Amino acid sequence: MASNWSLCGVCDNRQMTKSSVIWCSECDEGLCGDCKEHHSISRGTKNHITVSIAEYKKLPTEVLQIAQVCKLHNEKYELFCRKHDCPCCKKCVKSHNDCKGLTDINEIIKNVKTSNAFYEIEQTLLEVAENIKRLSTNRKANLKSLKNKKSEIEAEIKQTRTKINHHLDKLQDDLIKELMAVEQTESSKIEKLLTALKKKENEISEIQENIASIKQHASELQTFLAMKDIEKDIAIGENFIQSITTSDTTNQVNISCQINKSLQLITASVQKFGEINVSSDPCDFSMQKRKDRQAQIMVDVPTRNIDNLSLTLQKRINTGLSKSKVVPYFLVVGWYSLVIDKIK
Ligand SMILES: [Zn+2]
Ligand SMILES: [Zn+2]
Ligand SMILES: [Zn+2]
Ligand SMILES: [Zn+2]
């Protein structure tokens, strides 16, 4: 029924297809222009509140699809069983004979739009929407902080690298300077000795030339006397060589370099520049929650949780007060205690 709102229900029953122009919730059917006239005059229906189809179809699909008559018996709902939390038509009532909380459905639905329960739903939706917004803001802030942190870490890595580069450059320069100086010192020692040797070599050559000349031209006596001097010179030369070979000046000088083990470790055991860690701390975000919301809704809406309330309602009726006066009391939570007090 409820989904055929676009066609006139009355005409449909007469096998005619006409578009509806208004919707009557009480008849739970759409009405065409002609049937609308009849509906507004007829005694049984003239007090029905109707709405134009244009307005009616603005309702959410979920609402349009809610059956407004009993699915089992195809009859109007008359009562509401609090125990089973369900609406009942006249025929349904048979299966709720033992249920104490049967209430006129018209009393239950009266003022439902201004009820505290409806208000609470609206407020809760606002609150949920607000919480979603706050959560999104919170997560977006985290996204931004992650991005910033990434840039910071990247800069730190590069800075560390530059620092290491500069330090290594300096160490390398220092070592090369030291190498140059050591080589220079050791080379100059050898060169100094070579100079002395060259000088001695020249002296010896000179003596050799003298000997050759003496052999050719000097007398026996001259030769004999000259030999004495030459022997002295030879002794000096031999001493010179002796002193050189016994000193460390003829040692085989070598230079070598032991590269610092810590530096070698960089390539051998330093396999990672650093470690990127993820930590996750519970954030201080707290959901906004209306105080006592749960309690209020439970009092307000006819649910299984309020059997006690249903019982007190029965008592009120028995003392002679009309139900219509009692039910609105229940719809306003603030008055809940008032009702309980009166009952006592
Ligand atoms: Zn019609
Ligand atoms: Zn009607
Ligand atoms: Zn039924
Ligand atoms: Zn029941």
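What geometry do the 4 donor atoms give the site of the zinc ion (ligand 4)? The site is tetrahedral, with angles of 101 to 119° among those donor atoms. This is a predicted model. The points below cover this zinc site, the site of the zinc ion (ligand 2), and an open sheet of 3 strands with a helix packed on it.

**Zinc ion (ligand 4)**

- Cys81 (SG), His84 (ND1), His96 (ND1) and Cys99 (SG) are the protein donors, and they lie 1.9 to 2.3 Å from the zinc ion (ligand 4).
- Along the chain, the donors of this ion are spaced as C-x2-H-x11-H-x2-C.
- His84 sits in the loop between β4 (77-81) and β5 (86-89), and Cys99 in the loop between β5 and β6 (102-104), so the pair ties together parts that are 15 residues apart in sequence.
- His84 has a relative accessibility of 39% and counts as partly exposed.
- Cys99 has a relative accessible area of 10% and is buried, because the cut-off for buried is under 20%.
- For reference, the ideal angle for four tetrahedral donors at a metal is 109.5 degrees.

**Zinc ion (ligand 2)**

- The zinc ion (ligand 2) is coordinated by Cys24 (SG), Cys27 (SG), His39 (NE2) and His48 (ND1), at 2.0 to 2.3 Å.
- Its 4 donor atoms make angles of 99 to 120°, and the site is tetrahedral.
- The donor spacing along the chain is C-x2-C-x11-H-x8-H.
- Cys24 belongs to strand β1 and His39 to helix α2; this pair, 15 residues apart, links distant parts of the chain.
- Both Cys24 and His39 are buried.

**Sheet and helix α2**

- The strand order in the open sheet is β2-β1-β3, and the pairing is antiparallel.
- β2 (29-31) and β3 (50-52) are the edge strands; each has a single partner strand, so one side of each is left without a neighbour in the sheet.
- From one strand to the next, the twist averages 30°.
- Strand β1 (residues 22-24) and β2 run antiparallel and are joined by 3 bridges.
- Ile22 has Leu31 in β2 as its bridge partner.
- Helix α2 (residues 33-41) packs on the sheet and touches β1, β2 and β3.
- The direction of helix α2 makes about 105° with that of β2.

**Where the topics meet**

- Strand β1 pairs with β2 through 3 bridges, and Cys24 in β1 is one of the donors of the zinc ion (ligand 2).
- Helix α2 touches the three strands β1, β2 and β3, and His39 in helix α2 is another donor of the zinc ion (ligand 2).

How values were computed
Residues are numbered from 1 along each chain as its sequence is written. Chains are lettered from A and ligands numbered from 1 in the order in which they are written. This is a predicted model: local features need pLDDT of at least 70, side-chain atom pairs count only at pLDDT 80 or more; totals for chains, interfaces and linings use all residues. Side-chain values use heavy atoms; hydrogens and water are left out. Two strands pair if DSSP finds at least two bridges between them. Helices (H or I, at least four residues) and strands (E, at least two) are DSSP runs, numbered from the N terminus. Axes are lines fitted to C-alpha atoms, for helices over the stretch in contact, and angles run from 0 to 180 degrees between N-to-C directions. Contact means heavy atoms within 4.5 Å. Donors are N, O and S atoms within 2.8 Å of the metal (3.2 Å for Na, K and Ca); water is not among the atoms, so sites may look incomplete. Four donors count as tetrahedral if all angles lie between 85 and 135 degrees; four count as square planar and six as octahedral if opposite donors are over 155 degrees apart and all others between 65 and 115; anything else is irregular. Buried means under 20% relative accessible area, exposed over 50%, partly exposed in between (1.4 Å probe, protein chains only).
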